Structure formats: structure tokens, C-alpha cells
Amino acid sequence: ASAALAVVEPQGSGLGGGGFWLLHRGQADSSVMVDGRERAPRAASEDMYVDESGERIPRLSLDGPLAAGIPGEPAALDHIARHYGDLPLARSLAPAIRLAREGFTVNADYQGLARFRLEALRAQDRASRLFLDDGEPPEPGWRLRQPALARTLERLAEDGRDGFYRGPVARAMVDSVRAGGGIWTLADLAEYEVIEREPIRFDYRGIRVTSAPPPSAGGVGLATMLNILERFELADMSRVDRVHHVVEAMRRAYRDRHRYLGDPDFVDIPVSRLTSDAYAGELAAGIDPARASASRALTSSAGGRDTTHLSIIDTEGNRVAATLSVNYPFGAAWVAGDTGVLLNDEMDDFAARPGKPNAYGLIGGEPNAIAPGKRPLSSMSPTFLETPDRVAVLGTPGGSRIITMVLLGALAFERGEPPTAWVTRPRYHHQYLPDHIQHEPDTFDADTAGALRAMGHELESVGRHYGDMQAILWDRVSGTVSAAADPRGQGLGASFRVEQRQAGAEGRTANAPE
């Protein structure tokens, strides 16, 4: 599924990007996060995107090969196949190879995002010829064929990670990147490693939450927000008061994102403290129930449908929540030579200038400053929610708003709502700075909006719906599974019967998912 999405959603993910795969093995009852996040090249430096006066140079960390980190998705696909998969990598990649070679018809979502990135795609002749129709955003129904990408996938299938990170594919990518002003080397590719990380785990009102650890901000952010909200009886509040308290929890979690979070292999992150009940109590005590906090007054203690997500569960209780990305739509808008690989622009997720916003308006701090070999901080938040009776698998694309979308989904799960409600519920978001509530056009009626403004909140409609949540609910009592895809984007929620392997059947319980 990851490989197929890498072909059919070039605006969201791809071999030239990376992601986080949150895996759970049913029989072992254990979870792990496979970190296939991109890394900064060896030659990267903290000031590589700023001018002599220290100001960020517009578009330099977004467009072209200098914006690209070293991709992690191919290595992660190989790692997962070798360590966790029943099928060989070549078999898992076969559908993606077919889709790349034979092509697929694009839809209105593709057209809209191609229009959004039109200038950048036109800047490289190879990208323009591949992803545009005579230099224009293709009409829905236009067929995109990627034969060069099919050949690269075939090399990956035949040789594993070495088919991508060494040999002719690697040389072609490095030559193209350097010809376009980038700084990759063959050593950057050869040295890339997948990292297995312990997920963030905590409890919220009887729900066991398992989510992504740093360099994702998701798990820590969810723990902070839900630990704060556990101190309030949201179910007894009015709509306005409930939104107010959720927003105040969001504000404080994103303040800490700026202050503390980065690549844990480079910075010391106080994860235990940030996810503790005691710390949440301190933060909750600072919330005025009748008045919005001012983000700038909070002292420090001590974006979209670009990106993609998939959720899967099988008949043995194995499950995956995976969020994959090339960052901005169509990444760096640069195809690396004759490989068909569209490069990411994940370097924009670093704090190019601490204290200044990136493309999603997120303020970066020193822990997320650029350094050679470092992974940029991410909002991708693949998550499991678990009670004795129910298991949820969920996640979404959406840039800086990912964590708050998962938060709202978790609160809906707590209320006993079905997955269709998690993915359709109107959304709102606060990320500390800018100091306003971003929301979908139909989230608040006039009375609710007026009451929130009277409390001191500033509201900003983002003018469109956002996110593309993919969610699964397993009812452990009945053994049934329900799935839902966000109507805002493209996707499908489906459950279906498969032939049960004998080895799995031996360890299967009566209430395993059907």
C-alpha cells in the first residue's frame, strides 16, 4: 500500500520522501515505530537558507534539489519487508510497478495541487513533462505514466535498499541534484539508516494511546493535550467552553513543540516530563476557563492534503498506521535524473531561522535547527487507541494540523462515535503562533464564533476543508471491523474476508477481526 501510494499520489508521498510506520504485532502484543524520515545531507548547515543579514531566502527550502533531504521511504520498505513482512519485497512492490508503468488517471485533487505548485513544476523541464499536460495542470481523467519510476522500483525489488541507495540509481540522483544546485553525495545515500523507535504510550480516561515518538511531535503533543484535558469534564461543558479548553490544550502543546522537540539523536528531549500527569497539571492550572490565553505571554518551561496516510488491520490483529510525505505538494518539484524519483522538500521542516515560521506557519526552535545527518521535526502522527473492547487505527495528512486532527479523532473515539464521525467531524486547530484558531468554513455557527471571540480568541477560516483521515475500528467483542475514509480527500474504507493461513489460525482467538 505504501509503495502504491508512492506512485499514485506524487503530490503527497513517494520514493523521494519518507514517513513513519507505526506497527503492532498481534501475537506478540508489541508495537514499534519504523522511522523512515529523511535526513539532512552531510554538507547541510544551519544557515544554508538565510542571507547575509540572517533573513530566510524565499522558496530556497521549498523548490529545487537544495530543499531535499535524503529519502527514507525505500529503505523503510525494504526494512519492513525483511523484518516484519510475510511477503518478499518484490511481491509487495509489484502493484506499484504496474501502476507506474501502465499509468493511472488523475483526479481533481491532483489537478488542484498541480495548479498550486505550477510555477515550481514548470521550473524543471523533466518535472513539467512528467506531471503536467503541455505545461498545464492536467484535467481529471488524464493518464499519468511513470516508466522511469517503474524501472527504479524494479531495481529496489531486485536488490533491496542497495538498488536505490547504491549503484546507478544513486549515481543518477546525485548527479541530478548537484547539477541543480543541491548538495547530496553518494555517501549521504549509502549511509542512510532506518531507525526503530519506541512509541509514545500513555493512558487517557481508560484508553491506551500509542503514537509516534520524536522526531515526530505527534505522540508528545497528543500526550500533553489529552493529559491536560483529562482534568476537565468536557462532556459536561457547553460547546463554546469545550472548544475553549481544547484550544488552550493545543496552544500549550504547540508551545512546547517549539521549545523542546527535534531529532532525539541530536537533542536531549525531556519526553518523560512532557508526557507526565504532573506536568499536565501545571499547564492545566494556567488555563482561565473564561478567557483565552495570549500565546506570547506563555513562558517556556525550563501544515493541507500534502502527505498521505494509510491504516490497516489483519485477521491476526497485526496493524499499521503509516503517515508518509514529501512535505509540500509535489515536494521540491524536481525529478532526479532518469530515475523518475520526485524529490522531497523536507528541509523546510527544519528551523532555517529559529523563531521564524516555515511554510506551514510553524515556529521553529533551536532543537530543530539544521545539522548534517539530522532528521527534521515532523507533525506526522500515526496512532493506535485501545480499550478492552475496541481498537482504533488512525492518522491523517495535513501539515501542522495533523496532531490536532488526530486529537479530535481521539476525543470522538472516547465518546463512542463510529469511524465515519471521526473522519467527517468539522475541524479546528491552534498551533501557538500565529495566535488564532484556524478552522474549516463550517466548523462554528455565528453564536459559537461570537462567544469564542468574546473570550478573546481570534478566529481564522482557512477557506477550505483540510485533512484526509483514514480510520479503522475493531470491535473486539463482536470481532467486526469498520473502516472510514475522509470525504474531504481521496481514499476508501473497506473490510473484506481473506483466506486464513494455517499458521495464523492456530494462534487466532474467537474475537479476532473479521
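**Close-up 1. Helix α11 crossing helix α15 in the predicted model.** The crossing of α11 and α15 is right-handed. In this predicted model, the two axes come within 10 Å and cross at roughly 45°. That angle is neither under 35 degrees nor in the 65 to 115 range, so α11 and α15 end up oblique to each other. On the α11 side, look for Gly218, Gly221, Leu222, Met225, Leu226 and Leu229. Their partners on α15 are Ile403, Val406, Leu407 and Leu411. Sort the residues of this contact by type and you get 8 nonpolar, 2 polar and no charged. As for the spacing of such positions, an α-helix has 3.6 residues a turn, so residues three or four places apart point the same way.

**Close-up 2. Helix α11 again, now with helix α14.** Here α11 (residues 218-229) meets α14 (residues 277-285), with the axes coming within 8 Å and crossing at roughly 65°. That makes α11 roughly perpendicular to α14. The crossing of this pair is right-handed. From α11, the contact takes in Thr224, Asn227 and Ile228. From α14, Asp277, Ala280, Leu283 and Ala284 join in. By type, the residues of the α11 and α14 contact come out as 4 nonpolar, 2 polar and 1 charged.

**Close-up 3. Helix α12, end to end.** This view follows α12 along residues 239-260. At 1.5 Å a residue, its 22 residues should span 32 Å, and the end C-alpha atoms are indeed 32 Å apart, so the expected and modelled spans agree. Most of α12 is covered, too: 18 of its 22 residues are buried.

**Close-up 4. Glu9 in its loop.** Glu9 sits in the loop between α1 (2-8) and β1 (18-25). Is this loop residue buried or exposed? With a relative accessibility of 7%, Glu9 counts as buried, because the cut-off for that label is under 20%. Setting aside neighbours within four places in sequence, Glu9 is in contact with Thr308 and Gln490. Also worth picking out in this view is Asp109, 100 residues from Glu9 along the chain. The C-alpha atoms of Glu9 and Asp109 are separated by 9.8 Å.

Notes:
Residues are numbered from 1 along each chain as its sequence is written. This is a predicted model: local features need pLDDT of at least 70, side-chain atom pairs count only at pLDDT 80 or more; totals for chains, interfaces and linings use all residues. Side-chain values use heavy atoms; hydrogens and water are left out. Helices (H or I, at least four residues) and strands (E, at least two) are DSSP runs, numbered from the N terminus. The expected span of a helix is 1.5 Å times one less than its number of residues. Buried means under 20% relative accessible area, exposed over 50%, partly exposed in between (1.4 Å probe, protein chains only). Axes are lines fitted to C-alpha atoms, for helices over the stretch in contact, and angles run from 0 to 180 degrees between N-to-C directions. Angles under 35 degrees count as roughly parallel, over 145 as roughly antiparallel, 65 to 115 as roughly perpendicular and the rest as oblique. A crossing is left-handed if the near helix is turned anticlockwise from the far one by less than a right angle, and right-handed if clockwise. Contact means heavy atoms within 4.5 Å. Ala, Val, Leu, Ile, Met, Phe, Trp, Tyr, Cys and Pro count as nonpolar, Asp, Glu, Lys and Arg as charged, and the others, Gly among them, as polar.
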